[in-house]
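Here's a quick look at how two chains fit together and how one of them is divided up. Have the model open as you read.

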Protein chains: 2
Amino acid sequence: MSDHPSYHMTPEEFRRLGYRLIDWIADYEQRVADLPVLSRAEPGSIRAQLPAAPPEQGEALDRVFEDLERIILPGITHWQSPNFFAYFPANTSGPSILGDLLCSGLGVQGMLWATSPACTELETQLLDWMAELLALPAEFRSAGAGGGVIQDSASGAALCAIIAARERKTGLVSNESGCDGRLTAYASTEAHSSIEKAIKIAGIGRKNLRLIPVDERSAMRTGELETAIRTDIAAGRLPFFVSATIGTTAANGLDPLPEIGRIASQNGLWFHVDGAMSGTAALCPEFRYIQEGLEFADSYCTNPHKWMFTNFDCDCMFVRDRSALIRALSILPEYLRNRATESGAVIDYRDWQIPLGRRFRSLKLWFVLRHYGREGLQYHIRRHVALAQEFAGWVTAHPDFELALPPPLNLVCFRHRGGEAANQAILDGINRSGKAYLSHARLAGQLTLRLCVGQTRTEAEHVKAVWQLIQQAAAAWQKTPSPKSRGK
Amino acid sequence: MSDHPSYHMTPEEFRRLGYRLIDWIADYEQRVADLPVLSRAEPGSIRAQLPAAPPEQGEALDRVFEDLERIILPGITHWQSPNFFAYFPANTSGPSILGDLLCSGLGVQGMLWATSPACTELETQLLDWMAELLALPAEFRSAGAGGGVIQDSASGAALCAIIAARERKTGLVSNESGCDGRLTAYASTEAHSSIEKAIKIAGIGRKNLRLIPVDERSAMRTGELETAIRTDIAAGRLPFFVSATIGTTAANGLDPLPEIGRIASQNGLWFHVDGAMSGTAALCPEFRYIQEGLEFADSYCTNPHKWMFTNFDCDCMFVRDRSALIRALSILPEYLRNRATESGAVIDYRDWQIPLGRRFRSLKLWFVLRHYGREGLQYHIRRHVALAQEFAGWVTAHPDFELALPPPLNLVCFRHRGGEAANQAILDGINRSGKAYLSHARLAGQLTLRLCVGQTRTEAEHVKAVWQLIQQAAAAWQKTPSPKSRGK
């Protein structure tokens with residue numbers, strides 16, 4: 001609502017409410033550690049508190065702050081809590097929030113270079129900075145035939161890579177006449193679900209995605225990859241794409257890139273690498289071994305919106321040959337024609353992604369890189385890895401617990417030795433307590449607990465506290481009277 | 001940079017910089033009318049001012065404000081200028097910027113209901129509010145078998161609709177075994193480029209998208225649609241999808257929904273309707289004629305991020321049968337399993353979209369709806385349409401100009417009678433002046449100027465000013481000595 005006859009918010013009102021919201025967010029960061037991490041809302045309980053009908057007249061947004069506290073906050077699972085150890089993190093930070101605010105305030109569309117040159121050029125430069133910070137292969141930088149782009153997510157990056165691969169293999173015939181039914185793709189059984197989803201979307205068909213088994217460390221068995229490709233070729237199929245993961249979702253497994261790269265190259269496959277969370281570790285030289293072999297990849301993605309203090313969405317995708325991506329995704333209707341595009345001297349990121357429109361997402365990454373610098377980022381990545389390794393040490397030392405596999409970085413997969421019921425009871429007990437949030441995986445058929453250290457404000461005290469909680473939950477389970485609930 | 005040993009931004013620093021940025025945005029809205037609308041940057045000129053290497057140490061973000069003024073702002077094409085009349089608008093507003101800021105501050109992931117129930121439930125409720133405000137068919141509301149979801153863009157909505165349609169037609173066989181090569185889709189020659197792009201991505205093939213000619217008002221010729229479908233069926237093809245547009249990008253043409261709906265229904269096609277910009281007009285009862293026949297549609301999308309004062313990205317997509325969408329896009333890896341999902345009592349929006357992750361985008365829409373109310377939004381839509389109609393009147397009354405077609409709403413397509421060279425000279429003259437920004441289209445082979453009134457702060461004075469500029473540019477062209485540049 002506004003007193004201004006135009007109904008627009010006045011500058012004074014915007015300043016007053018803006019300051020108030022900045023304060024609210026600063027306070028939220030301070031108190032979030034004390035809120036129940038996993039929301040206790042029941043299905044439908046949030047909607048029940050919202051009016052059934054939309055507002056007829058506008059109102060002062062001050063009242064939204066009341067509803068925010070009363071209705072929204074109890075329905076939030078607090079991804080920004082230092083006690084959030086579930087999934088992969090989606091951490092953020094002050095500089096990122098401010099960079100995103102600037103993006104909203106400028107409100108530009110970056111679909112074409114011409115629709116805001118700074119939106120395109122800052123992004124290209126920042127992706128080169130990221131390539132430098134992560135010590136990525138030179139092929140991924142914009143000076144040569146490659147380059148980087150910000151995608152919405154690793155899902156979007158995978159879909160773009162698959163389309164580019166499909167069109168490279170079929171000489172643009174799939175785009176023109178429909179997907180070639182002989183195409184086959186490869187990933188490990190531990191690859192992220194977005195690979196299968198993208199394969200389905202792209203018209204390849206789930207059956208034509210070969211899921212290659214993994215070893216005890218969740219790494220793809222490359223012998224089986226090679227066999228699968230040979231079998232397909234012999235059967236007249238057209239192998240076109242392989243996706244490897246550095247840091248699988250369930251267990252942070254590291255696929256052997258050099259070997260997969262060799263196989264991809266020998267058989268003419270597009271080699272995509274998904275480093276959604278763990279790729280960030282390459283900020284530190286001592287962790288760069290995880291991306292050994294990346295120089296064979298055609299495309300790579302890693303998400304600053306997971307572990308690099310940058311708001312979702314910000315996936316950095318790099319390609320070796322940008323023309324393969326652009327050819328596959330390009331459209332140029334008359335109403336988007338312009339001199340800059342036709343000069344060939346500029347990048348139009350519209351042709352590097354699924355949608356047409358795009359936000360000025362590089363601003364938040366710019367704010368993060370300038371605020372922290374390489375030094376600040378390295379400090380936190382090292383700290384998170386050290387905390388996870390310390391936790392793994394406690395697990396190993398405890399008679400009732402075991403590691404599911406040695407944790408390479410910041411994700412620890414572990415189990416209580418009491419079996420399925422014990423682990424389920426521990427997981428439920430902790431998550432219901434609201435004091436921390438863990439998630440689970442199933443590794444080699446066994447229910448496994450996952451603890452991922454990557455939230456912005458997670459410190460030693462939070463990791464110590466969750467370990468106490470885990471031991472308490474285990475003790476509570478051991479005291480459970482019913483033998484039924486003592487598991488299989 | 002931060003004095004805090006952890007390198008994180010302190011709450012005090014966040015408040016200080018946050019206030020400063022809020023002030024900057026409030027000031028930007030005041031001064032943007034005076035900035036050159038179309039950026040005058042030369043290719044590479046922004047990058048040349050950025051350091052080649054990423055920062056080693058962090059620094060105070062105050063210095064970013066200097067670079068923002070010096071480097072970024074000259075590279076911005078100001079979509080938030082009241083003198084922006086190009087493309088479709090991507091307008092925003094104070095309440096939307098604040099809602100988006102809250103989204104960044106909370107930093108939640110809404111992929112599953114469980115990962116933040118409020119993120120899902122507010123969205124479902126708001127999409128029902130939108131259905132009410134726009135008087136959409138009851139089938140699109142969540143109380144029945146349908147419902148709404150926020151997509152990144154109309155491109156994303158189109159791709160999801162095409163995948164759902166593909167799988168409905170082939171009984172999920174395309175997802176499983178690869179795209180059925182017999183599938184054919186339909187849209188008019190004036191449909192948005194995202195339809196063709198999605199058809200290619202989905203593995204259908206561009207050749208299997210039939211582009212149906214339009215009449216002199218850019219509306220699909222339904223007789224030709226019916227003929228094309230019959231011909232395809234006779235040839236053993238599988239027609240599965242038709243997209244209609246209310247408000248085509250070039251000329252704001254309105255496809256005849258009732259007739260297309262009848263044809264789609266009789267032939268078992270999924271009927272998608274794209275109302276990206278113009279759908280917002282249905283906030284006002286007097287413009288609802290544009291969506292007559294929408295009750296036959298299987299899916300519909302309209303973008304508050306275009307003409308409804310809500311930051312990109314915010315596309316509202318509605319479906320009649322949510323299960324068709326979910327079945328086509330669903331994945332459920334073990335690590336995402338949870339009790340709420342398995343109870344069937346909740347919506348997991350992950351299965352309604354291409355990516356897995358998602359922002360809390362409904363917050364900005366909530367802020368906009370509560371700030372303006374139905375009343376405030378209607379006021380502005382009516383005002384924009386009235387301003388565009390007034391402009392069209394001036395064009396009609398001027399001996400040297402003509403309308404390309406009668407403008408139904410807020411987009412006027414017009415030409416100088418001097419032909420290609422005259423119109424190109426007018427377009428270039430205005431856009432180079434920095435005083436306003438128009439874009440163009442080619443209608444029936446003729447270069448046509450487009451003036452779209454939809455920017456948040458555009459008032460009568462701005463429309464009057466651009467009409468003066470247009471007449472001045474035409475006069476300047478008429479005085480051009482060289483006959484060469486006087487065109488064909």
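Two residues are in contact here if their C-beta atoms, placed from the backbone, lie within 7 Å. Keep in mind that this is a predicted model.

## Where the chains meet

Going by that cut-off, chain A puts 127 residues into the contact and chain B puts in 127 residues. On chain A's side, the largest share comes from helix α1 (residues 11-31) of chain A, which supplies 15 residues.

What kinds of residues make up the side of chain A that touches chain B? Sorted by class, that side has 60 nonpolar, 43 polar and 24 charged residues.

## How the copies are related

In general, a rotation about an axis and a shift along it relate two copies of a chain. In this model, a turn of 180° with a shift of 0.0 Å along the axis lays chain A on chain B, and the RMSD is 0.0 Å. The two copies are thus related as by a two-fold rotation axis.

The interface fits in with that picture. Of the interface residues of chain A, 100% are also interface residues in chain B, so the copies meet through the same surface.

## Inside chain A

Chain A itself is divided into domain 1, covering 108-359, and domain 2, covering 367-486. Their C-alpha centres lie 31 Å apart.

The two domains of chain A do touch: 20 residues of domain 1 are in contact with 19 residues of domain 2. On the domain 1 side of that contact, the residues divide into twelve nonpolar, six polar and two charged.

Notes
Residues numbered from 1 in each chain as written. Chains lettered and ligands numbered in written order. Predicted model: local features only at pLDDT ≥ 70, side-chain atom pairs only at ≥ 80, totals over all residues. Least-squares fit on C-alpha atoms with pLDDT ≥ 70 in both. Domains from an automatic or database assignment. Nonpolar A, V, L, I, M, F, W, Y, C, P; charged D, E, K, R; others polar. Helix = DSSP H or I, 4+ residues; strand = E, 2+ residues; numbered from the N terminus.
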